[in-house]
Amino acid sequence: MKSLIGIILLLILGSCLSEEPFKKPFQTLLPQELNDGWELSTPENENMDPQLLEKAFELVYREDRYVMARSLLVFKNGKLVAEAYPNDPNDLHKISNIQSCTKSITSLMVGVAMEKGLLDNLEIKLHELFPELFDDQIDKKQISLRDALSMQAGLDFDNGKHTLQLYQEKNNSIQWILSKDLIHAPGTFLNYNDGAPHLVSKAIETLAMQPTASFAKKLLFEPLGIKDWKWESSRDGITYGAFSLFLKPRDLGKIGQLVLQNGIWDNQQIISPEYLEEASSIQAISGHNNRPYGYYFWIYPEWKAFAALGHGGQFVLMAPGKNLVVVYTAWPYTHTQLWDDEKELISLIIQSCK
């Protein structure tokens with residue numbers, strides 16, 4: 001279904017490009033003044049090379065590059081220094097589906113649970129939290145919260161086959177995921193998938209005694225002043241742990257900045273700093289592309305950075321040593337050929353930091 005949508009969009013896009021520009025002309029990367037809590041600055045004031053930064057923004061405005069781009073924002077030293085919306089200036093004010101970047105927010109909610117004393121370690125077995133949803137296979141009962149957070153639960157969940165089924169599942173979504181065969185011993189093999197984060201969302205719900213979305217509203221979104229958002233749930237009411245969180249680009253930047261500040265916002269410790277250190281450190285290596293992975297964050301050792309990645313090529317990059325957050329959003333449900341290469345954008349922006 002998703003591939004079909006991507007093909008259709010590609011055909012439509014090809015038609016648009018042949019007749020008229022798909023994007024708005026590039027004019028400025030200077031951010032707009034809004035009453036949303038962000039202090040504005042300029043690249044020069046934050047010791048960034050404006051010419052290199054402009055090259056990055058020019059890339060997302062090209063008709064043949066980053067074709068489905070919706071926004072690019074750069075935050076340096078806790079200030080918004082550059083932003084642009086190449087498709088529609090009103091995207092500044094719109095919430096949109098951040099897709100698998102949602103996984104990283106789910107991870108952060110585990111850190112919130114630890115900070116609130118609802119959880120003291122990640123070795124707890126999922127079976128201890130919701131034993132009634134497991135089948136009789138003993139090995140499945142060994143899956144820990146850490147295993148699920150590092151995509152090493154071992155269950156046979158293939159996004160190409162099972163994500164749409166999860167979205168359509170009418171009965172107990174957790175029981176359905178846990179009914180999959182165990183094809184790897186828990187904690188031994190990274191299989192990136194949408195099933196494990198849904199199990200983590202159920203774990204958060206069990207610990208917090210409320211849906212993950214409600215928990216996030218009270219203890220993450222409200223403290224950060226995030227008012228406009230939507231987080232969808234499966235048909236049985238479990239907040240999706242892997243996708244379907246809708247946020248504005250600037251609010252994504254707030255979450256990235258919170259992480260850079262070791263989980264502190266307005267002198268309030270929101271996320272456990274110990275958890276953040278683990279989540280942003282290498283916990284496993286992807287067997288698919290040999291990329292290092294934390295707890296729902298992809299690690300970039302070459303830049304001493306880590307990122308949330310989502311369908312469409314979307315990302316939220318955090319580089320603590322540079323005190324830098326970069327947000328890029330794009331239309332999801334598109335062919336991967338339209339995503340382009342996030343590393344080229346990131347490299348230019350990293351290089352702009354003097």
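This report describes the internal cavities of a predicted model and the helix and strands beside the largest one. Local features need pLDDT of at least 70, side-chain atom pairs count only at pLDDT 80 or more, and totals for chains, interfaces and linings use all residues. Residues are numbered from 1 along each chain as its sequence is written, and side-chain values use heavy atoms, without hydrogens and water.

**Cavities**

A search of the whole structure gives 3 cavities of 30 Å³ or more. A cavity is a set of points on a 1 Å grid over the protein atoms alone where a 1.4 Å probe fits but cannot get out; lining residues have an atom within 4 Å of a point. Points are joined across faces, edges and corners, and the volume is the space filled by probe spheres set on them.

| Cavity | Volume | Lining |
|---|---|---|
| Largest | about 70 Å³ | 11 nonpolar, 2 polar, no charged |
| Second largest | about 50 Å³ | 6 nonpolar, 5 polar, no charged |

Here Ala, Val, Leu, Ile, Met, Phe, Trp, Tyr, Cys and Pro count as nonpolar, Asp, Glu, Lys and Arg as charged, and the others, Gly among them, as polar.

Of the 13 residues lining the largest cavity, Ile105, Ile255, Ala308, Val316 and Met318 are the closest to its centre. At least two lining residues come from each of α3 (101-115), α10 (249-260) and β12 (314-319). Helices (H or I, at least four residues) and strands (E, at least two) are DSSP runs, numbered from the N terminus. In the second largest cavity, helix α8 (residues 195-208) gives the most to the lining, with 3 residues.

**Helix α10**

All of α10 is covered, with 12 of its 12 residues buried, that is, under 20% relative accessible area with a 1.4 Å probe and protein chains only. Its end C-alpha atoms are 17 Å apart, which agrees with the 16 Å expected for 12 residues at 1.5 Å a residue; the expected span is 1.5 Å times one less than the number of residues. Just after α10, Asn262 has a positive phi of about 55 degrees.

**Strand β12**

In a regular strand the side chains alternate between the two faces of the sheet. In β12, Gln314, Val316 and Met318 on one side and Phe315, Leu317 and Ala319 on the other are all buried.

Two strands pair if DSSP finds at least two bridges between them. β12 runs antiparallel to β11 (residues 305-310), with 5 bridges, and Ala307 has Leu317 as its bridge partner. Gly312, in the hairpin of these strands, takes a positive phi near 95 degrees. β12 also pairs with β13 (residues 324-330) in the antiparallel sense over 5 bridges.

How values were computed:
On a 1 Å grid over the protein atoms alone, a cavity is a set of points where a 1.4 Å probe fits but cannot get out, and a pocket is an open set with protein on both sides within 12 Å along at least five of seven lines; lining residues have an atom within 4 Å of a point. Buried means under 20% relative accessible area, exposed over 50%, partly exposed in between (1.4 Å probe, protein chains only).
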